[in-house]
Amino acid sequence: MQTENNAQLRPFHTFGISQQCQVLVEAESVDDLIAIYQNPDWQALPKLMLGKGSNMLFTEPYQGVVIVNHLQGISYSSSETEHLLYVSGGEDWPSLVEWCVAQGYAGVENLALIPGCAGSAPIQNIGAYGIELQQICDYVEYLCLDSYTIKRLSNKQCRFGYRDSIFKHELKDKALVTAIGLKLNKTWQPILSYGPLQSLDPKTTTPKEVFDVVVNVRKEKLPDPAVTGNAGSFFKNPIVSIEQHETLKAQYPALVAYPSGDKMKLAAGWLIDQCGLKGHTQGGAMVHPKQALVLVNANNAKAEDIVNLAAYVRDCVLKKFNVELEHEVRFMGAQQEVYLKDLL
Ligand code: FAD
Ligand code: EPU
C-alpha cells in the first residue's frame with residue numbers, strides 16, 4: 001500500500017487540474033481498505049474512494065485521505081446460458097470491455113471506451129449507446145464501512161436509475177465497491193438503437209463490429225482526456241414532464257428528446273448548443289466545440305474556471321428554456337461533496 005502526504009491530484013483525475021490532497025493512498029486489497037479506515041492517524045479525516053477520477057472535479061484542496069482503487073482480478077465461470085464474470089473494483093473498465101469482446105463474451109460492447117474502474121461503474125450506472133450497466137450487472141459487492149464486512153447486493157437491490165444507484169443515496173459514504181458481477185447472455189442480441197449503430201445489419205453484425213463503431217463514434221465526438229482534460233458529459237440530460245416537453249417542442253420544433261418512462265429526457269447538449277455556447281470560454285475552461293455537453297480544461301484551467309463556466313451554462317439554459325441542468329460530474333470540496341447550486 002503506497003502512501004503520500006500532501007499529494008498532487010492532477011494525475012489522478014481526468015480534468016487535469018492541479019489540486020492537493022492531505023493524504024493519497026493506493027489500495028490493493030480489501031485488507032488495505034480496512035487498514036486505511038482503522039488507521040488512528042487518519043480516523044478524524046474525511047475519506048474519498050477514487051477510481052480513475054473521470055467523473056470528478058476537486059473544487060478545493062482536499063483535506064482528507066484519497067484512496068485510489070487498485071483492487072485487481074477477474075474470474076470467469078459459466079452456466080448453460082450465461083457467461084459470468086467476477087471483476088475486482090480496480091480493474092480498468094475500457095480494458096475489461098475490450099478483453100470481453102476478444103474472448104467472445106458479448107453484451108458489453110456498447111459500453112466500450114467509458115473511462116473508469118469497474119468498481120465505479122455501478123455508482124452512476126454507466127450508460128452509452130443504448131445500454132446501461134444495469135442490463136448486464138448481476139450483483140455488486142461492497143465493503144460495509146459500519147461492519148467492515150463484505151456485502152453483496154443483487155441487481156434489484158442496487159436500485160439503478162439513469163445515472164443513479166443506491167450508492168448515491170442510502171449507501172453514500174457507507175460503502176466501498178470492491179467487485180461487480182456481470183452476467184452476459186450466451187445468445188447475443190445486438191443493441192443497435194443508437195443513431196450510428198443503425199447502419200449495421202442485426203442479422204450479420206458481430207460484437208467486434210459494434211465495438212468498433214462505438215469506439216470510432218466516441219473518438220470522433222468526445223475529447224480524449226489524455227490530450228484535453230474533461231470528465232465526459234458535465235450535466236445529466238434533464239427529465240421533464242410530457243406537458244413541459246410539449247410546450248418546448250411547440251416553441252422549438254427541432255428540440256431533441258427521448259421518452260423516459262412516463263416523462264421525456266431532453267438532450268442537454270442540444271439545449272446548450274442552442275444557447276450558442278460551443279467554444280465559449282471562462283478563464284481556462286471551455287465548452288467543447290464539438291459536443292456542448294462536455295466542459296474542457298482548454299488552457300490550464302483552475303477548478304473555479306470550470307465552476308464559473310458550469311454556472312454560466314446552467315443559467316443560460318434556464319433563461320432560454322426554463323430547464324434546470326443538474327451536474328453529473330461529482331464535485332469534491334475541502335471536506336465533503338459539494339454542489340454547483342450551493343457554490344454559485
Ligand atoms: P471516479 O471519477 O474516480 O469516481 C466517481 C464517483 O464514484 C466518486 O464520487 C467516487 O467517490 C465514487 N466511487 C468511485 N469508486 C468507488 C468505489 N469503489 N466505491 C464507492 N464509491 C466509488 N459515463 C457514462 O455513464 N457514460 C459515458 O458514455 C461516459 N463517457 C465519458 C467520456 C469521457 C471522455 C469521460 C472523461 C467520462 C465519461 N463518463 C461516462 C463518466 C465516467 O467515465 C464514469 O462516471 C465512470 O464510471 C467513472 O469511473 P471512475 O473510476 O473514473 O470514477
Ligand atoms: N447535440 C447537439 N449539440 C451538441 C451535442 C449534442 O445538438 O453540442 C445533440 C445531438 O445531435 C444528438 C443529441 O444532442 O441529437 C444527443 O447527443 P449525443 O448522442 O452525443 O449524446 P448525449 O445525450 O450528449 C449521452 C450521455 C453520454 C453517452 C452518450 C451516448 C448523458 C449525460 N450523456 O450524451 O454519456 O456517451 O449519450 O449514449 O446521458 C457521460 O455520461 O459522461 C457521457 C459521455
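**Note on two ligand sites, a pocket and an aromatic pair**

1. An oxygen atom of ligand 1 stands 2.9 Å from an N or O atom in the side chain of Q124, and this is a convenient place to enter the structure, which the reader should keep in mind is a predicted model. Two further polar approaches to ligand 1 can be set beside that of Q124: a polar backbone atom of N55 is 2.8 Å from an oxygen atom of the ligand, while in the side chain of R218 an N or O atom is 2.7 Å from a nitrogen atom of ligand 1.

2. As for how far ligand 1 is enclosed, the protein covers 93% of the 980 Å² of accessible area that this ligand has on its own. The elements that contribute two or more residues to its shell are strand 3 (47-50), strand 8 (127-128), strand 12 (175-185) and strand 13 (229-233).

3. The shell around ligand 1 consists of 33 residues, and those that come nearest are M49, S54, P115, S120 and R218. Sorted by class, this shell holds 16 nonpolar and 13 polar residues, together with four charged ones.

4. Turning to ligand 2, one finds 23 residues around it, with Y129, Y162, Y194, D273 and A292 as the closest. A292 also takes part through its backbone, where an N or O atom lies 2.8 Å from an oxygen atom of ligand 2. Side chains approach this ligand as well: a polar side-chain atom of E328 lies 2.9 Å from an oxygen atom of ligand 2, and an N or O atom in the side chain of K221 is 3.0 Å from an oxygen atom of the ligand.

5. How much of ligand 2 does the protein cover? Of the 820 Å² of accessible area that ligand 2 has on its own, the protein covers 81%. Helix 3 (207-221), strand 13 and helix 5 (268-274) each supply at least two residues of the shell, and helix 5 gives the most, with three residues. In terms of class, the shell around ligand 2 is made up of eleven nonpolar, five polar and seven charged residues.

6. A separate point concerns the second largest pocket, which holds about 390 Å³ of space. Its lining comprises 19 residues, and K236, E326, H327, E337 and Y339 are those that lie nearest its centre. Strand 20 (330-332) and helix 7 (340-343) each supply at least two residues of this lining, whose residues divide into twelve charged, five nonpolar and two polar.

7. Finally, a search of the whole structure finds ten aromatic pairs. One of them joins W270 and F321, whose ring centres are 6.0 Å apart and whose planes stand at 50°, so the pair is classed as tilted. Because W270 lies in helix 5 and F321 in helix 6 (residues 303-321), the pair ties together parts that are 51 residues apart in sequence. Helix 5 therefore deserves a second look from a new reader, since this helix holds W270 of the aromatic pair and also gives three residues to the shell around ligand 2.

Key:
Residues numbered from 1 in each chain as written. Chains lettered and ligands numbered in written order. Predicted model: local features only at pLDDT ≥ 70, side-chain atom pairs only at ≥ 80, totals over all residues. Heavy atoms only, no water. Near = heavy atom within 4 Å. Polar contact = N/O pair within 3.5 Å; in protein donor to acceptor, adjacent residues only side chain to side chain. Areas by Shrake-Rupley, 256 points an atom, 1.4 Å probe, with all protein chains shown as cover. Helix = DSSP H or I, 4+ residues; strand = E, 2+ residues; numbered from the N terminus. Nonpolar A, V, L, I, M, F, W, Y, C, P; charged D, E, K, R; others polar. 1 Å grid on protein atoms, 1.4 Å probe; cavity = no way out; pocket = protein on both sides within 12 Å on 5 of 7 lines; lining within 4 Å. Points joined across faces, edges and corners; volume = space filled by probe spheres on them. Phe/Tyr/Trp six-rings, centres within 6.5 Å; stacked < 30°, edge-to-face > 60°.
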